[in-house]
Amino acid sequence: MQEKNKSVAGAETKVEESQVAQWDVLARNMVRLFDEGTKVLGTLVERRNGSGPYSMAAEANEATKALGEVARQWVSEPGKLAAAQNELFKDYAELWGRSVRRFLGEEDVKPVIEPAPGDNRFKDPDWSNSQFFDFWKQAYLLTARWAEDVTRNTEGVDDKTRKRALFYLEQMLAAFSPSNFAFTNPEVVRATLATNAANLVQGMAHLAHDLEHSKDLLRISQTDLS
């Protein structure tokens, strides 16, 4: 009996030591991630006032002009703006209601919105199987659809301005997709847990390298030339 207890105690000790080692690796990786992130932020700050046609300042200025013109048209008609916002809030309320029904155990709850065919950002099964990731996916898709519809249907702007506004809006919406953030992407969450955040460190290091070897236009490395 004593030998059995010793065996159990030994196994528990090994598990605890393994957990401590994993936490140590995670802590070290988080420090490395912070260090790489600081390098990236420093590079971006240095380039924010660039004067080239593809600099951050130039792109932000063009986007502000186009989207600002669209916004002015809607602000000038508060009634129409309120009606448009009400449509978005109704979609949010419907999503919340269906999410609660699913949380309470109801089966076959249909989604309010689904990704367009060919949208591979949300192909991982957990985007639908997990209530957390499914909620963020649908909230994003509803917001993106609403913003694009509002911009496309704006009255009082010329066709060229509308097209430019839609172009910049699409870039912004793509950037804010939940698939681009570590804690709202199921694939990244799984990889982060499996590697103790080493994947995030590697990704940030790659971004720092690409920024270092880029000018105004960010050059994303496709191949390890070394």
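**Exercise 1. The loop after H3**

Task: In this predicted model, determine where Asp108 is placed, and state what is notable about the phi of Asp108.

Solution.
Step 1. Asp108 belongs to the loop that runs between H3 and helix H4 (126-129).
Step 2. The phi of Asp108 is positive, at about 55°, although the residue is not a glycine.
Step 3. Most residues other than glycine have a negative phi. Against that background, the value of about 55° at Asp108 deserves inspection in the displayed structure.
Step 4. The relative accessible area of Asp108 is 71%, so the residue is classed as exposed, the cut-off being over 50%.

**Exercise 2. Overall composition**

Task: Establish how many helices and strands the protein chain holds, and what share of its residues is buried.

Solution.
Step 1. The protein chain holds eight helices and zero strands.
Step 2. Read from the N terminus, the order of elements is accordingly α-α-α-α-α-α-α-α.
Step 3. The protein chain has 226 residues, and buried residues account for 26% of them.

**Exercise 3. The packing of H3 and H5**

Task: Describe the relative orientation of H3 and H5 from their angle and the separation of their axes, and give the handedness of the crossing.

Solution.
Step 1. Helix H3 spans residues 78-103, and helix H5 spans residues 131-152.
Step 2. The two helices, H3 and H5, pack with their axes 10 Å apart and at an angle of about 165°.
Step 3. Because angles over 145 degrees count as roughly antiparallel, H3 is roughly antiparallel to H5.
Step 4. The crossing of H3 and H5 is right-handed.

**Exercise 4. Salt bridges around Asp134**

Task: Identify the salt-bridge partners of Asp134 in Arg102 and Lys137, and decide which of these contacts ties together parts that are 32 residues apart in sequence.

Solution.
Step 1. Arg102 and Asp134 meet through their side chains in a salt bridge, with an N to O distance of 3.1 Å.
Step 2. Since Arg102 lies in helix H3 and Asp134 in helix H5, this pair ties together parts that are 32 residues apart in sequence.
Step 3. Lys137 also forms a salt bridge with Asp134, and the closest N and O atoms are 3.1 Å apart.
Step 4. Lys137 and Asp134 are three residues apart in helix H5, so about one helical turn separates them.
Step 5. Asp134 has a relative accessible area of 11% and is therefore buried, the cut-off being under 20%. Lys137 is buried as well, whereas Arg102, at 23% relative accessibility, counts as partly exposed.

**Exercise 5. Salt bridges and contacts of H2**

Task: Characterise the salt bridge between Lys65 and Glu62, and find which residues share a network with this pair.

Solution.
Step 1. The structure holds 16 salt bridges. One of them joins the side chains of Lys65 and Glu62 at 3.9 Å, N to O.
Step 2. Both residues lie in helix H2 (residues 56-75); because Lys65 and Glu62 are three residues apart there, about one helical turn separates them.
Step 3. Glu62 counts as partly exposed, at 27% relative accessibility.
Step 4. Through salt bridges with shared partners, Glu62, Lys65 and Arg164 form one network.
Step 5. Leu67 is also found in helix H2 and is partly exposed at 22% relative accessibility. The C-alpha atoms of Leu67 and Arg164 are 8.2 Å apart, although 97 residues separate the two along the chain.

**Exercise 6. Surface residues**

Task: List the members of the nonpolar surface patch that includes Trp96, and classify the accessibility of Trp96, Phe132 and Lys163.

Solution.
Step 1. Trp96, Val100, Phe103 and Leu104 make up the patch, whose accessible area together is about 500 Å².
Step 2. Trp96, located in helix H3, counts as exposed at 55% relative accessibility.
Step 3. Phe132, located in helix H5, is partly exposed, with a relative accessible area of 44%. Its C-alpha atom is separated by 9.5 Å from that of Pro186, which is 54 residues away along the chain.
Step 4. Lys163 has its place in helix H6 (residues 159-175) and counts as exposed at 56% relative accessibility. Lys163 and Arg152 are 11 residues apart in sequence, and their C-alpha atoms are 8.2 Å apart in space.

Methods:
Residues are numbered from 1 along each chain as its sequence is written. This is a predicted model: local features need pLDDT of at least 70, side-chain atom pairs count only at pLDDT 80 or more; totals for chains, interfaces and linings use all residues. Side-chain values use heavy atoms; hydrogens and water are left out. Patches are made of residues with over 30% relative accessible area and no salt bridge: like charges are joined within 9 Å, nonpolar side chains (Val, Leu, Ile, Met, Phe, Trp, Tyr) within 5 Å. Accessible areas come from the Shrake-Rupley method with a 1.4 Å probe; for residues, only the protein chains shown count as cover. A salt bridge is a side-chain nitrogen of Lys or Arg within 4 Å of a carboxyl oxygen of Asp or Glu. Helices (H or I, at least four residues) and strands (E, at least two) are DSSP runs, numbered from the N terminus. Buried means under 20% relative accessible area, exposed over 50%, partly exposed in between (1.4 Å probe, protein chains only). Axes are lines fitted to C-alpha atoms, for helices over the stretch in contact, and angles run from 0 to 180 degrees between N-to-C directions. Angles under 35 degrees count as roughly parallel, over 145 as roughly antiparallel, 65 to 115 as roughly perpendicular and the rest as oblique. A crossing is left-handed if the near helix is turned anticlockwise from the far one by less than a right angle, and right-handed if clockwise.
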